[in-house]
Amino acid sequence: MIDTILPTPDLFGATRVLCIQPHYDDNDIAAAGTIARLVAQGSEVIYLTVTNDLMGVVDGFRNDDEARAALKRDQAAAGTILGISQQYWLDYPDAGDYDYFAVRRDLLKYIRQIRPDFVMTCDPWLTYEGHRDHIQTGLAASEAVMFAGLTRIASSDPAVDAAYQSHQIGGIAFYFTREPNTIVDITATWSQKEAALRCYQAQFDAAGLAELVRAFDHKSVQVAQGQAFGRGEPLKVLQTSALHCGI
Ligand SMILES: [Zn+2]
């Protein structure tokens, strides 16, 4: 593998991090330990969820409105544990038929409006990723980060584009990656991550949730092998210039 020649940007130097996830629990499953550390050191962390997540809910809801309320309840509970300052939703159909460029336009809008200095999302180039929502979200977020300053590329809100004044995005951090260049020490925040994961009851029954926690418990230890700490989360952290032509 040939690495980028650009230095790895400092995620922990970020003041405002926008975490863009396909489904309501991806940020926390992949990176809650890192996110809790960011919040603890004073960074503002904002979540944006691309799909409505309705396909994964467990049985027992009478209709979609009830399911939506349960999903938001879970996210709010986990967000309180981690200290998330704001949550946004785009409501594209989970695992559904929707337009990639519409998602990219919406992400351009929120990036221009929120003005994060770091963006976190899932790695759209994860080998063997079979879920299209993850590929589309990661790719649209990457393009939106690259194109935020190019207002000739319209977002979904002309008023936001008109008011936007170019700002610096210091980097992008990909989770669910097979090529990490950063292992974040989450030893001190593992208990917060575990508590946040246990909030996701609309999509997991008790046994499923226990299995999820057990899997990421083991994963966090596996990831930290060879490090000077006990638990880690793997990230690929890149400058935005590294997102094009392999610089
Ligand atoms: Zn997902």
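Student: In which strand is Gln 86 found?

Tutor: Helices (H or I, at least four residues) and strands (E, at least two) are DSSP runs, numbered from the N terminus, and in this structure Gln 86 is found in strand E3. This is a predicted model, in which local features need pLDDT of at least 70 and side-chain atom pairs count only at pLDDT 80 or more, while totals for chains, interfaces and linings use all residues. Residues are numbered from 1 along each chain as its sequence is written, and side-chain values use heavy atoms, with hydrogens and water left out.

Student: What does Gln 86 touch, not counting residues up to four places away in sequence?

Tutor: Contact means heavy atoms within 4.5 Å, and with that sequence window excluded Gln 86 touches Val 45, Ile 46 and Tyr 47. Buried means under 20% relative accessible area, exposed over 50%, and partly exposed in between (1.4 Å probe, protein chains only); Gln 86, with a relative accessible area of 38%, is therefore partly exposed. Gln 86 and Pro 180, which are 94 residues apart in sequence, have C-alpha atoms 27 Å apart in space.

Student: Which residues coordinate the zinc ion?

Tutor: Donors are N, O and S atoms within 2.8 Å of the metal (3.2 Å for Na, K and Ca), and sites may look incomplete because water is not among the atoms. Here the zinc ion is coordinated at 2.1 to 2.4 Å by ND1 of His 23, by OD atoms of Asp 26, listed twice, and by NE2 of His 134. Along the chain these donors follow the spacing H-x2-D-x107-H. His 23 lies in the loop between strand E1 (16-21) and helix H1 (26-40), whereas His 134 lies in helix H4 (residues 132-147), so this pair ties together parts that are 111 residues apart in sequence. Both His 23 and His 134 are buried.

Student: Is the site of the zinc ion regular or irregular?

Tutor: Four donors count as tetrahedral if all angles lie between 85 and 135 degrees; four count as square planar, and six as octahedral, if opposite donors are over 155 degrees apart and all others between 65 and 115; anything else is irregular. The 4 donor atoms of the zinc ion make angles of 55 to 144°, and the site is irregular.

Student: How many residues of H4 are buried?

Tutor: H4 is mostly covered, with 12 of its 16 residues buried, and among them are His 134, Ala 140, Ala 141 and Phe 147. What covers these buried residues includes E1, H1, E2, H3, E4 and E5. As for length, the expected span of a helix is 1.5 Å times one less than its number of residues, and H4 reaches 22 Å from its first C-alpha to its last, close to the 22 Å expected.

Student: What do the buried residues of H3 pack against?

Tutor: They pack against E1, strand E2 (44-51), strand E3 (86-92), strand E4 (118-122), H4 and helix H5 (158-163). In H3, 12 of the 15 residues are buried, including Tyr 100, Arg 104, Asp 106 and Arg 112. The end C-alpha atoms of helix H3 (residues 100-114) are 21 Å apart, which agrees with the 21 Å that its 15 residues should span. H3 is followed by Arg 115, whose phi is positive, near 55°.

Student: Where else is phi positive, as in Phe 176?

Tutor: Most residues other than glycine have a negative phi. Phe 176, although not a glycine, has a positive phi of about 50°, and this residue lies in the loop between E5 and strand E6 (182-185). Cys 245 also has a positive phi, near 65°, and its place is in the segment after strand E7 (232-238). Phe 176 counts as partly exposed at 21% relative accessibility, whereas Cys 245, with a relative accessible area of 67%, is exposed.

Student: How many aromatic pairs does the count come to?

Tutor: Rings of Phe, Tyr and Trp (its six-membered ring) pair if their centres lie within 6.5 Å, and planes under 30 degrees apart count as stacked, over 60 as edge-to-face and the rest as tilted. By this rule the count comes to 6 aromatic pairs. One of them is the tilted pair of Tyr 92 and Tyr 98, at 5.2 Å centre to centre with 45° between the planes. Tyr 92 counts as buried at 13% relative accessibility, and Tyr 98 is buried with a relative accessible area of 10%. Trp 125 and Phe 174 form an edge-to-face pair, at 5.7 Å centre to centre and 80° between the planes. Trp 125 lies in the loop between E4 and H4 and Phe 174 in strand E5 (residues 171-175), so this pair ties together parts that are 49 residues apart in sequence.

Student: Which ring does the charged end of Arg 37 sit over?

Tutor: A charge sits over a ring if NZ of Lys or CZ of Arg is within 6 Å of the ring centre and within 35 degrees of the ring normal. The charged end of Arg 37 sits over the ring of Phe 12, 4.4 Å from its centre, and Arg 112 lies over the face of Tyr 164, at 5.9 Å from the ring centre.
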